[in-house]
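Below is a brief report on one chain. It covers a surface patch, the main pocket and the overall fold.

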Amino acid sequence: MERPPNLAAAIESAAEALIGVLDSATSRHTVSVSPTQLRVLSLIVSHPDTNVNRLAELLDVVPSSASRLCDRLEAVGLLRRVADPRDRREVRLIPTAAADTLLRDLQERRHRAVQAVLDRMPNRVQHELLLALVAFSQAATTTAPQAGSDSTARTA
């Protein structure tokens, strides 16, 4: 099957539309938290036992920038710094209950916004989209063969 010449452009356009739907759901939130701060909270939730240095690595910033982001989140009650009981020199970043609620509410709003768009699509197209997204995700996470290697010469 031949690839349509504008497939990559269509995917980019769909990604932009999705970002618009998600951003719209995010912007209606009552707490004034920047997209970067939301990303920091999401990273801390998905990487338990994170400290400022690890957060800086995840964000690809210097530790002082990560620390300032944490200062702001701590000031609004969304983050706590807690000494690690195994090594009191280490300080762990812990989301507060308010942060958990904020992220859960945001996820629910985003889910509803995406579902509202999906509801305007025929069921058959929704199913085809699901299959295509699963295949895209799998292809995106599959390691491509190294340049110059023969991908047909594999041993069991």
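## Helix α6 and the surface patch

F136 sits in helix α6, residues 123-141. Helices are DSSP runs of H or I with at least four residues, strands are runs of E with at least two, and numbering starts at the N terminus. F136 joins L7 and I11 in a nonpolar surface patch of about 260 Å². Patch residues have over 30% relative accessible area and no salt bridge, and nonpolar side chains (Val, Leu, Ile, Met, Phe, Trp, Tyr) are joined within 5 Å. A salt bridge is a side-chain nitrogen of Lys or Arg within 4 Å of a carboxyl oxygen of Asp or Glu. Areas come from the Shrake-Rupley method with a 1.4 Å probe, with only the protein chains shown as cover for residues.

This is a predicted model: local features need pLDDT of at least 70, side-chain atom pairs need 80 or more, and totals for chains, interfaces and linings use all residues. Residues are numbered from 1 along each chain as its sequence is written, and side-chain values use heavy atoms, without hydrogens or water.

## The largest pocket

The largest pocket holds about 710 Å³ of space. Its lining has 18 residues; A14, A15, L18, L129 and L133 lie nearest the centre. Elements giving two or more residues are α1 (7-27), α5 (97-118) and α6. The most come from α1, with nine.

By type, the lining has 17 nonpolar residues, one polar and no charged.

## The chain

The chain has six helices and two strands. Their order is α-α-α-α-β-β-α-α. Of its 156 residues, 21% are buried (under 20% relative accessible area, 1.4 Å probe, protein chains only).

How values were computed. Patch = residues over 30% accessible without salt bridge, like charges linked within 9 Å, V, L, I, M, F, W, Y side chains within 5 Å. 1 Å grid on protein atoms, 1.4 Å probe; cavity = no way out; pocket = protein on both sides within 12 Å on 5 of 7 lines; lining within 4 Å. Points joined across faces, edges and corners; volume = space filled by probe spheres on them. Nonpolar A, V, L, I, M, F, W, Y, C, P; charged D, E, K, R; others polar. Buried < 20%, exposed > 50% of the residue type's maximum accessible area, 1.4 Å probe, protein only.
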